[in-house]
Amino acid sequence: MSGARYDYVIVGAGSAGCVLAARLCADPDVTVCLIEAGPSDDIDEIRIPVAGGALRRTRYDWDYDTHDEPFCGGRRLFLPRGKVLGGCSSLNGQVHIRGNRLDFDEWGPGWSYAELLPYFLRCEDNERGASAYHGVGGPLAVSENRSRNPMCTSTIEAAVHSGYSANDDFNGATQDGFGYYQVTQRNGRRCNTASAYLRPRPPNLTVRTNLHVEQVLLTGTTATGVRCRQLDTVEEIHAEREVILAAGAYNSPQLLMLSGIGPADHLDAVGVPVVVDHPEVGRNLQDHPSVYLVFGHDEPISVLSAGTPENVRLFTEENRGPLTSNAPEAGGFVRTSAGLPAPDIQFHALPLMFVEGALAELTEHGYSFGPTLLKPASRGAVTLASADPSAKPRIRHRYYAEPGDLDTMVAGLHVALDITRQAALRQYTVRPVSVPDSESDEDLRTFTRAKTESLFHPAGTCAIGTVVDQDLKVLGIDGLRVVDASVMPTLTRGNINAPIIAIAERAADLISGTQPLRRATAA
């Protein structure tokens, strides 16, 4: 039971954990143990961008689902989560979006856009070069899309014909408009946080894979380490300075509750002894719900063609082509009503059929396009199914619990239908596969409830101000922090991998006592 000792023990080697480990190890006198429940990331399916979807519901995925969603007809929605070095950055769509500057200004002192922008810049090695909005020389490769599927190019053209602006830089001066997304790739290969931050591996870093953390060890109200299991072997790993949870918006609150830190009434009900009554642990769960219009066609250019000899040659010799596709190659941001301070809907265009939560077998060439709700008012929760650490957490997002969220999605569907009617997309929308019965608001509401899927962006369950303080320390517990998407008080407008990395970059300075990077005055 009694195990090794390190200065810092980090639970979760995902988008945040890899960043923290590398930055803390910059001090040669510090020792860090980074613990990952899944295996290493050294497989082709992670390096080849288009292949990441094949890892869902394998040993590289936590393979979660929501419980019955009461406002989506009682459906259970698929929630893949990376269980591998690099975490979700090893499985995600690689879209590099910071979000809107207004998002961060909601989070309180230390987390404004001006204060986080230097950390966004520090992490990047952007092939566009250095500017007020882009960084170079950082660990994370950010590049232009090297697939450029004709369906996605036509989506941008159709959106412009529908009256929306073109935008070639969603992380620049303005977020509104349509264009290609930049992606976390280097030479057409996925750049997850494990490859970006942990290679070469610092000598003062110990990485443990296939090791499941079951509980934070507490002496009174001080975190002293973690209890872990590998098959039938249990061990303890001790932290001289801090334990840091970077396990994500589902697993970090689960670990807190398994350790006796959470809502007392809930912990009592499942048989976990209460250490600190923390009512907000697991609450405030947010996500980006998404709905796709799906069409079939006969043009042999979808990702089904990625494995042809010519496309393999493009990948191996020129580092481009369909094998570099991140799936959501292009999209855009719109405001569905006048007077909004920022976009409330994001769109993704995919050169494939996105049906059944991306779990259905692809059997024909297709095209998918649809809206994502950016600032949901609805809130869900993560709770324990039992006191057994091997039990999956109980997750209920409660999408559309607030009626205004459904109204905004209906407005987004009207925009999507208008764009897909444009001539530029005519050859790719030949056979409707998943579309509303009509364009009436009633049918669009019915369609939304029946077809909503998660965009896989959970956040908010250990929020700044309620569960952790502005330095990400767990309130009421010494020596314990949370650093991942769960600390976001509110979701950002856009894909959340880049904000998670920036949060971890700043958290590393907070933990090490390094002077924070200077606030950005430009941009």
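Helices, labelled H, and strands, labelled E, are DSSP runs numbered from the N terminus, and you'll need those labels all the way through this tour. One more thing before you start clicking: the model is predicted.

**Stop 1: Tyr 400 and its neighbourhood**

Select Tyr 400. You've landed in the loop between E22 and helix H10 (403–420). Check the backbone here: phi of Tyr 400 is near 70°, a positive value in a residue other than glycine. Most residues other than glycine have a negative phi. Is Tyr 400 buried or exposed? Tyr 400 is buried, because its relative accessible area is 3%, and buried means under 20%.

Now step back along the chain to Arg 396, which sits in strand E22 (residues 394–396). Arg 396 counts as partly exposed, at 32% relative accessibility. Add Arg 76, Arg 394 and Arg 398 to your selection, and together with Arg 396 you have a patch of positive charge on the surface.

**Stop 2: three strands in a row**

Next, select strand E11 (residues 212–219) and strand E12 (residues 222–230). They run antiparallel and are joined by seven bridges. To see one of the pairings, pick Val 213, whose bridge partner in E12 is Cys 228. Then look at the turn: the hairpin of E11 and E12 has two residues between the strands, and Gly 220 takes a positive phi near 65° there.

Keep E12 on screen and add strand E13 (residues 233–245). How many bridges pair E12 with E13? There are six, again in the antiparallel sense. Gly 225 is a good residue to click, with His 238 as its bridge partner in E13. E12 and E13 also form a hairpin with two residues between them, and in this turn Leu 231 has a positive phi of about 55°.

While you're in strand E13, find Val 243. This valine is buried, with a relative accessible area of 0%. Bring up Val 482 as well: 239 residues separate the two along the chain, yet their C-alpha atoms are 8.7 Å apart.

**Stop 3: helix H7**

Move on to helix H7 (residues 248–258). The helix is mostly covered, with ten of its eleven residues buried. Among the buried ones are Tyr 250, Asn 251, Pro 253, Gln 254 and Met 257. After H7 comes Gly 260, with a positive phi near 90°.

**Stop 4: two backbone oddities**

Jump to Pro 200, in the loop between helix H6 (193–197) and strand E10 (205–208). Look at the peptide bond from Arg 199 to Pro 200: it is cis, with omega near 0°. Most peptide bonds are trans.

Then select Arg 148, in the loop between strand E6 (140–142) and helix H5 (150–161). Here phi is near 50°, positive although the residue is not glycine. Arg 148 counts as partly exposed, at 38% relative accessibility.

**Stop 5: salt bridges**

Side chains of opposite charge can pair when their charged atoms come close. A search of the whole structure finds 32 salt bridges, and here are a few to visit.

Stay in the loop between E6 and H5 and pick Arg 146, then find Glu 127. The two form a salt bridge, with the closest N and O atoms 3.5 Å apart. Glu 127 lies in the loop between strand E5 (124–126) and E6, so the pair ties together parts that are 19 residues apart in sequence. Both ends are partly exposed: Arg 146 has 25% relative accessibility and Glu 127 has 43%.

For a longer reach, select Arg 75 and Glu 453, whose side chains meet in a salt bridge (3.3 Å, N to O). Arg 75 is in the loop between strand E3 (64–65) and strand E4 (78–79), while Glu 453 is in strand E24 (residues 453–454), 378 residues apart. Glu 453 is buried, with a relative accessible area of 13%.

Now try Asp 65 and Arg 57, which meet in a salt bridge of 3.0 Å, N to O. Asp 65 is partly exposed at 24%, and Arg 57 is partly exposed too, at 42%.

For your last selection, take Glu 310, Arg 313, Glu 317, Glu 318 and Arg 320 together: salt bridges link them in a network.

How values were computed: Residues numbered from 1 in each chain as written. Predicted model: local features only at pLDDT ≥ 70, side-chain atom pairs only at ≥ 80, totals over all residues. Heavy atoms only, no water. Patch = residues over 30% accessible without salt bridge, like charges linked within 9 Å, V, L, I, M, F, W, Y side chains within 5 Å. Areas by Shrake-Rupley, 256 points an atom, 1.4 Å probe, with all protein chains shown as cover. Salt bridge = Lys/Arg side-chain N within 4 Å of Asp/Glu carboxyl O. Lys, Arg positive; Asp, Glu negative; His and termini not counted. Charge placed at Lys NZ, Arg CZ, Asp CG, Glu CD. Helix = DSSP H or I, 4+ residues; strand = E, 2+ residues; numbered from the N terminus. Buried < 20%, exposed > 50% of the residue type's maximum accessible area, 1.4 Å probe, protein only. Pairing = 2+ DSSP bridges.
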